[in-house]
Amino acid sequence: MFDQVEQYHRAASVAEALRLLQTGKGRARVVAGCTDFALQSDDSVRILIDITRAGLSYLRSKDGWLSIGATTTMADLEESSAVRNLAGGILARAAASCGSVQIRNVATIGGNMAHGSPAADLAPPLVALDAVMVVVSPAGRQRIGVGDYLAKTKAPNALLAEIRIPDGPSGKRCGWSFQKLGRTAVDISLVSAAAGLEVDARGKVKWARIALGAVAPMAMRADETEKLITGRILDRGLLDEAGLAVRREIGPISDQRASADYRREMSGVLVRRALQECASQSGWPL
Amino acid sequence: MKSLELHLTVNGEEKCWAIAPGDLLLDVLRREGYYGVKRGCETGECGACTVLLNGKAVNSCMMFAGHAEGAQVMTIEGLGNGTKLHPLQEAFLDHGAVQCGFCTPGMILGAKALLDRHPDAGENLVRETMAGHLCRCTGYRKAVEAVLAVSTPPRKVRKQTAGGKR
């Protein structure tokens with residue numbers, strides 16, 4: 001099936017992976033779990049550089065940041081107490097929704113982001129959490145905000161080495177949620193949403209973060225909807241408004257799984273559900 | 001095609017095979033006679049090609065053989081000892097959980113990985129595991145019953161209506 005592949009390397013370090021990438025002259029591809037790559041019919045790839053032994057499988061908390069090595073698997077994320085305790089566990093929940101057990105045992109956070117699918121399950125939580133991508137190239141290490149990383153064309157001689165998540169906003173009356181709609185428990189998402197907010201003692205929204213997946217060319221923040229609800233009293237009416245507002249902000253497509261109209265409709269439903277869960281977690285149940 | 005050597009342990013036996021760099025683990029295992037590893041969808045959906053890699057269930061159809069260098073691989077042929085079946089295999093027979101049998105090796109290996117980590121796995125965990133194994137004959141209830149019977153303590157499937165909540 002991959003007869004065109006001429007070399008398979010298990011890079012022992014990031015430096016070795018970069019060197020192999022250089023010598024590959026555009027025909028080399030960095031791979032890890034291969035759950036996306038194995039589905040592509042990209043027959044231009046001659047050299048595979050497996051980075052799962054390059055020392056990039058780790059989770060470290062330090063100085064207000066959680067640093068996650070690019071080859072950390074979905075299963076690792078699901079099980080990590082640091083990830084489960086971060087922002088209501090939205091990243092752990094997204095990882096747990098990313099396909100079957102067999103997929104999650106090998107699929108990696110780096111692969112999920114670098115592959116750049118609009119429906120990447122980890123993208124909405126990482127966007128909502130203002131994650132920073134650490135990209136390594138022969139020129140050095142570069143930190144790129146997740147939004148820019150998703151929007152930019154990937155440099156051919158660089159690789160994603162680490163994902164860093166700041167502690168981010170928290171507070172006494174804080175809540176987070178991850179919601180995903182798929183055809184089955186293991187299918188790719190039709191729509192996914194990650195949200196977080198904080199309310200004050202009277203139920204006024206102090207800040208809100210809303211990110212959506214699979215309804216635009218890449219995962220996106222719903223800035224307008226966030227603005228709409230910030231400073232307002234969180235009640236059922238506001239949830240309805242947010243659900244309507246988000247439908248105007250997104251740009252879904254029709255494909256074999258769902259129509260654009262359906263995705264738009266469901267985006268409203270998921271954002272409403274997400275905000276409702278945030279509300280209940282923040283001690284302001286609706 | 002430049003060939004490379006693959007060293008790995010399959011069902012407790014050390015192997016050294018010549019492989020092509022683009023070979024998938026599924027291709028190599030079947031070529032070497034492990035026919036219990038089934039070629040199904042080849043897109044990571046059906047789970048028929050499931051093997052255990054260092055104790056974890058993986059789809060061998062999406063894994064390059066080179067990735068398994070130095071790994072411990074278990075296929076369905078490695079369960080039981082030739083005369084005596086593994087308790088999960090016995091349970092699948094006792095509960096009538098095998099129909100055509102194509103999905104069975106993957107299901108049993110997936111269940112083994114689950115019970116090795118969570119010997120007391122309940123129905124939710126068992127069903128989560130079965131989500132990665134497609135059966136096109138009949139369904140999952142008998143298989144779930146079989147796995148729960150091997151869980152410690154043995155459990156029964158909760159009452160369900162068709163299409164009921166998991």
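This passage describes the interfaces, nonpolar cores and selected charged residues of a predicted model with chains A and B.

The two chains share an interface that buries about 2400 Å² between them. Carbon and sulfur atoms account for 57% of that area. Chain A contributes 30 residues to the contact, and chain B contributes 29. Three salt bridges cross the interface of chain A and chain B. One salt bridge there pairs the side chains of Glu79(A) and Arg117(B), with an N to O distance of 2.8 Å. Polar contacts across the interface number 10 residue pairs, both partners being at pLDDT 80 or more. On the side of chain A that touches chain B, four elements give two or more residues: strand S1 (7-10), strand S3 (47-50), helix H2 (74-79) and helix H5 (101-104). H5(A) gives the most, with four residues.

Chain B also has an internal boundary. Its domain assignment gives domain 1 (4-78) and domain 2 (87-150). Their centres, taken over C-alpha atoms, are 21 Å apart. The contact involves 16 residues of domain 1 and 12 residues of domain 2. Together the two domains of chain B bury about 1100 Å², of which 72% is on carbon and sulfur atoms. Zero salt bridges are counted between domain 1 and domain 2 of chain B. Polar contact between these domains is restricted to one residue pair, both at pLDDT 80 or more. Strand S3 (residues 50-53) of chain B gives the most to the side of domain 1 that touches domain 2, with three residues.

The nonpolar residues are considered next. In soluble globular proteins, nonpolar side chains tend to be buried together. The largest nonpolar core in this model holds 66 residues. The members that touch the most others are Met113(A), Leu122(A), Leu126(A), Met133(A), Ile165(A), Trp17(B) and Leu29(B). Both chains are thus represented in that list. Helix H4 (residues 90-96) of chain A supplies the largest share of this core, five residues. Another core, of 30 residues, lies apart from it. Its members include Ala193(A), Val205(A), Ile250(A) and Cys278(A).

Met113(A) illustrates the contacts made by a member of the largest core. Beyond its neighbours within four places in sequence, Met113(A) contacts Leu122(A), Ala123(A), Leu126(A) and Met133(A), among others. Its partners also include Val146(A), Tyr149(A), Leu150(A), Lys154(A) and Leu160(A).

Three charged residues of chain A were examined individually. Lys180(A) is found in strand S9 (residues 174-182). Its relative accessible area is 23%, so Lys180(A) is partly exposed. A polar atom of the Lys180(A) side chain lies 2.7 Å from the backbone oxygen of Ser97(A). The side chain of Lys180(A) also makes a polar contact of 3.0 Å with that of Asp121(A). Ser192(A) is 12 residues away from Lys180(A) along the chain, yet their C-alpha atoms are separated by 4.2 Å. Leaving aside neighbours within four places in sequence, Lys180(A) contacts Ser97(A), Cys98(A), Asp121(A), Asp187(A), Ile188(A), Ser189(A), Val191(A), Ser192(A) and Leu270(A).

Asp187(A), one of these partners of Lys180(A), lies in the loop between S9 and strand S10 (189-199) of chain A. Asp187(A) counts as buried because its relative accessibility is 5%, below the 20% cut-off. Its side chain is joined to that of Arg183(A) by a polar contact of 2.9 Å. Outside the window of four places in sequence, Asp187(A) is in contact with Lys180(A) and Arg257(A).

Arg164(A) lies in strand S8 (residues 159-166) of chain A. With a relative accessible area of 13%, Arg164(A) is likewise buried. Two side-chain polar contacts are found for Arg164(A). One is with the side chain of Ser67(A), at 3.3 Å. Another is with the side chain of Glu162(A), at 3.3 Å. Not counting residues up to four places away in sequence, Arg164(A) touches Trp65(A), Leu66(A), Ser67(A), Ala131(A), Val132(A), Val134(A) and Arg143(A).

Conventions: Residues numbered from 1 in each chain as written. Chains lettered and ligands numbered in written order. Predicted model: local features only at pLDDT ≥ 70, side-chain atom pairs only at ≥ 80, totals over all residues. Heavy atoms only, no water. Core = buried A, V, L, I, M, F, W, Y, C linked by side-chain atoms within 4.5 Å. Buried < 20%, exposed > 50% of the residue type's maximum accessible area, 1.4 Å probe, protein only. Contact = heavy atoms within 4.5 Å. Polar contact = N/O pair within 3.5 Å; in protein donor to acceptor, adjacent residues only side chain to side chain. Domains from an automatic or database assignment. Buried area = accessible area lost by both parts, 1.4 Å probe. Salt bridge = Lys/Arg side-chain N within 4 Å of Asp/Glu carboxyl O.
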